[in-house]
There are 2 protein chains.
Amino acid sequence: MALEKVTGDIKRMYEQIKIRPISNVENLLPWNTFLEMGLIVAHRDLDKILSEKKWAIVSGRGPSGPLHLGHLLVFKLVAWFQRVFNVHAFIPLSDDEKFVFGKIGSLNDAANWALENARWIAALGFDPKRTHIYVSSKHSWVYRYALTVSRHLTLSSVKGALGVDDSKNIGIPFYAAVQIVHILQPTFDFGLRTLVPIALDQDVFMRLTRDVAEKLKIPKPASVYVKFLPGLQNVPMSSSVPETAIYVTDNEKVIYSKIMRAHSGGGISTADHRKSGGNPDRCVIYEWLKAFYFRSKEHAERYAEACRTGQIVCGYDCKPLVYDLIVDFLHKLKNKADKIDLDSFLWNP
Amino acid sequence: MALEKVTGDIKRMYEQIKIRPISNVENLLPWNTFLEMGLIVAHRDLDKILSEKKWAIVSGRGPSGPLHLGHLLVFKLVAWFQRVFNVHAFIPLSDDEKFVFGKIGSLNDAANWALENARWIAALGFDPKRTHIYVSSKHSWVYRYALTVSRHLTLSSVKGALGVDDSKNIGIPFYAAVQIVHILQPTFDFGLRTLVPIALDQDVFMRLTRDVAEKLKIPKPASVYVKFLPGLQNVPMSSSVPETAIYVTDNEKVIYSKIMRAHSGGGISTADHRKSGGNPDRCVIYEWLKAFYFRSKEHAERYAEACRTGQIVCGYDCKPLVYDLIVDFLHKLKNKADKIDLDSFLWNP
């Protein structure tokens with residue numbers, strides 16, 4: 001899949017497109033488990049943005065269904081940045097994106113999912129005073145800024161970036177301008193450079209955005225490259241393959257079943273595993289434990305060693321542990337989400 | 001130029017694309033000088049829309065400079081339709097169009113022109129209670145409806161319709177959806193079929209709009225095809241060639257000079273003209289007299305005969321007459337425009 005391919009290409013990316021390993025700037029960030037567990041792999045201009053007094057973080061979501069744990073992890077990182085650096089966070093919910101790509105039947109359906117998603121996102125620890133969640137198509141400035149941006153993007157550059165041809169609808173290339181607007185809006189409105197957490201395979205979007213910023217003579221956005229939580233079946237999490245992800249709407253029975261059937265690095269049988277050990281380096285469950293459990297590299301390494309030596313077994317130890325962690329995490333988050341005063345986070349037109 | 005080419009193609013258009021000669025439905029319209037002078041040449045579904053109890057008329061304008069007399073003539077026709085059929089008129093001022101096509105430097109400049117243009121348009125006799133003038137990019141529903149429409153338009157169909165290639169910016173194909181929204185908005189919001197006065201060479205837009213309406217299962221717009229006032233130099237009026245048009249902002253000296261230098265059907269000298277007569281069928285001034293002076297075919301024919309027989313001469317008779325008519329028309333219109341309560345016509349977000 002794209003993600004793995006790109007991860008393989010990371011050295012080339014470091015050389016060609018000014019992306020830098022996160023290790024170069026680790027000392028600029030306070031200790032955190034995202035770095036400790038290798039969930040942030042690279043950056044562009046993070047050092048530059050951290051040297052500025054005020055900046056903003058932007059991270060969006062296309063609302064076409066319930067959030068899964070991969071989404072929550074990214075927004076947890078955004079909330080961490082907000083907390084640690086005391087910055088404003090802008091969270092566009094791009095109903096327009098999901099609509100033009102045909103992932104949702106109507107903008108109203110998308111708006112309903114947007115509000116549902118927003119509740120869970122807000123519950124991750126965002127500060128209502130400095131968080132601005134909004135539904136993209138409901139703000140006339142989105143269209144106006146997108147017009148401004150569109151003048152600087154040719155059809156050929158956007159078709160190349162998105163990999164689309166002329167059989168696609170005209171909303172798709174224009175959405176490129178809208179996404180760029182989401183990233184640049186705090187710069188347009190408040191002169192704040194923005195930081196965007198993104199996956200490496202989406203960097204082409206950051207490059208388009210930076211090109212536009214240069215043409216408009218405004219500060220270019222910075223980015224941190226996030227390693228996505230792998231899907232339970234060892235393919236990327238996908239809404240069209242529900243077994244790959246755990247959704248915030250899944251009940252305990254569904255979560256149990258998904259985890260128990262997940263791809264792991266265990267032996268072909270329990271007896272074999274006890275004898276020969278497992279392979280945590282090829283284990284989805286181990287990756288999920290990195291995201292939700294381990295608090296240090298040493299902790300993770302001790303655990304990996306117990307796997308390699310057959311002291312712990314997927315079905316008896318690791319999967320029940322992940323199950324407990326996730327059920328507990330979602331249970332607590334749901335309690336917070338139910339109590340959220342959503343209006344205090346929403347940027348209403 | 002495109003217009004003449006298409007006029008030559010009109011028979012083909014009648015056969016291929018369901019445009020009908022206006023003569024077929026003349027009896028459905030009360031007597032009016034637009035028809036009498038041949039300024040409306042064809043229609044599509046005019047009979048259908050007139051058979052409905054309620055409908056609306058839509059006619060827009062891209063605000064990138066002052067209006068010229070050609071614009072005023074079209075809006076006079078729109079005001080006539082409103083008065084005679086007691087219908088609501090929707091007048092989008094497409095700042096977005098002028099911006100994506102690079103005809104104006106900023107949306108704010110376009111908005112300023114929009115308000116200036118709106119004042120003159122309103123003064124043409126529109127009813128404030130049933131007239132809705134609006135600046136396109138300022139309404140979030142424009143973007144939302146354009147998203148809905150965009151799903152039904154492929155890049156290839158719009159590139160073909162507009163005649164643009166991939167070197168153009170991504171705002172241009174998306175604007176096709178916006179223009180369709182302007183036409184369909186009264187149908188979306190109030191279920192009213194719309195009538196659009198348009199030039200024959202822009203019919204491709206009506207066909208795109210009707211295709212989208214069919215896909216959305218809403219009533220298709222009707223159209224009347226307007227013969228544009230020819231430019232003074234016998235090329236179409238154009239903002240980039242100011243001598244071709246008379247602008248509402250031209251002073252009397254400028255108007256005089258433009259008319260005196262206009263292309264006419266006169267002889268090569270006054271003496272020659274007196275002797276051999278002129279050719280009103282190839283005379284721009286005669287076309288302008290049709291638009292602003294003659295009140296019947298007989299009136300126009302008597303006048304043409306006086307030209308053919310050399311009884312009247314361009315520089316002594318026709319041009320001074322047109323000058324007086326236009327200065328008087330603009331003078332009266334300016335008085336009205338100055339007193340217009342613009343807010344009562346504007347549809348503000």
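## Ground rules for "buried"

A residue counts as buried here when its relative accessible area is under 20%, as exposed when over 50%, and as partly exposed in between. By that cut-off A:Tyr303, with a relative accessible area of 13%, is buried. Keep in mind that this is a predicted model.

## How the two chains relate

Start with the overall arrangement. Turn chain A by 180°, with 0.0 Å of shift along the axis, and chain A lands on chain B with an RMSD of 0.0 Å. The two copies are thus related as by a two-fold rotation axis. If you want to find that axis from chain A, look for A:Ser140: its C-alpha comes closest of the residues of that chain, at 2.1 Å.

Both copies use the same surface, and 100% of the contact residues of chain A recur in chain B. Chain A puts 37 residues into the contact and chain B puts in 37 residues. Between them, about 3200 Å² is buried, with carbon and sulfur atoms giving 65% of that area. Which residues of chain A lose the most area to chain B? They are A:Tyr143, A:Arg151 and A:Ile170, which together make up 26% of what that side buries.

## Rings and charges across the interface

A:Arg151 turns up again here: its charged end sits over the ring of B:Phe99, 4.2 Å from the ring centre. Going the other way, B:Arg151 lies over the face of A:Phe99, at 4.3 Å from the ring centre.

Over all chains, the structure holds 42 aromatic pairs. One of them is A:Phe174 with B:Phe174, whose ring centres are 4.0 Å apart and whose planes are at 0°, so the pair is stacked. A:Phe174 lies in helix H10 (residues 171-190) of chain A and B:Phe174 in helix H10 (residues 171-190) of chain B, so this pair joins two chains. A:Phe174 is buried, at 1% relative accessible area, and B:Phe174 is buried too, at 1%.

## Rings within chain A

Now back to A:Tyr303. Its ring and that of A:Tyr293 form an edge-to-face pair, 6.4 Å centre to centre with 80° between the planes. A:Tyr293 lies in the loop between helix H14 (284-292) and helix H15 (297-308), while A:Tyr303 is in helix H15, so the pair ties together parts of chain A that are 10 residues apart in sequence. Buried or partly exposed: what about A:Tyr293? At 27% relative accessibility, A:Tyr293 counts as partly exposed.

There's also a bigger group to pick out: ring pairs link A:Phe90, A:Tyr134, A:Trp141, A:Tyr145, A:Phe188, A:Phe190 and A:Trp347 into a cluster.

## The sheet in chain B

Chain B has an open sheet of 7 strands with mixed pairing, in the order E1-E2-E7-E6-E3-E4-E5. Strand E1 (20-21) and strand E5 (131-135) are the edges, each pairing on one side only.

Take strand E4 (residues 88-93) of chain B as a closer example. E4(B) is mostly covered, with 5 of its 6 residues buried. Strand E4 and E5(B) pair in the parallel sense over 5 bridges, and B:Ile91 has B:Ile133 in E5(B) as its bridge partner. Strand E3 (residues 56-58) of chain B also runs parallel to E4(B), joined to that strand by 3 bridges. There, B:Val58 has B:Phe90 in E4(B) as its bridge partner.

How values were computed
Residues are numbered from 1 along each chain as its sequence is written. Chains are lettered from A and ligands numbered from 1 in the order in which they are written. This is a predicted model: local features need pLDDT of at least 70, side-chain atom pairs count only at pLDDT 80 or more; totals for chains, interfaces and linings use all residues. Side-chain values use heavy atoms; hydrogens and water are left out. Rings of Phe, Tyr and Trp (its six-membered ring) pair if their centres lie within 6.5 Å; planes under 30 degrees apart count as stacked, over 60 as edge-to-face and the rest as tilted. Helices (H or I, at least four residues) and strands (E, at least two) are DSSP runs, numbered from the N terminus. Buried means under 20% relative accessible area, exposed over 50%, partly exposed in between (1.4 Å probe, protein chains only). A charge sits over a ring if NZ of Lys or CZ of Arg is within 6 Å of the ring centre and within 35 degrees of the ring normal. Two strands pair if DSSP finds at least two bridges between them. Copies are superposed by least squares on the C-alpha atoms of residues with pLDDT of at least 70 in both. Contact means heavy atoms within 4.5 Å. Buried area is the accessible area (1.4 Å probe) that two parts lose on being put together, summed over both.
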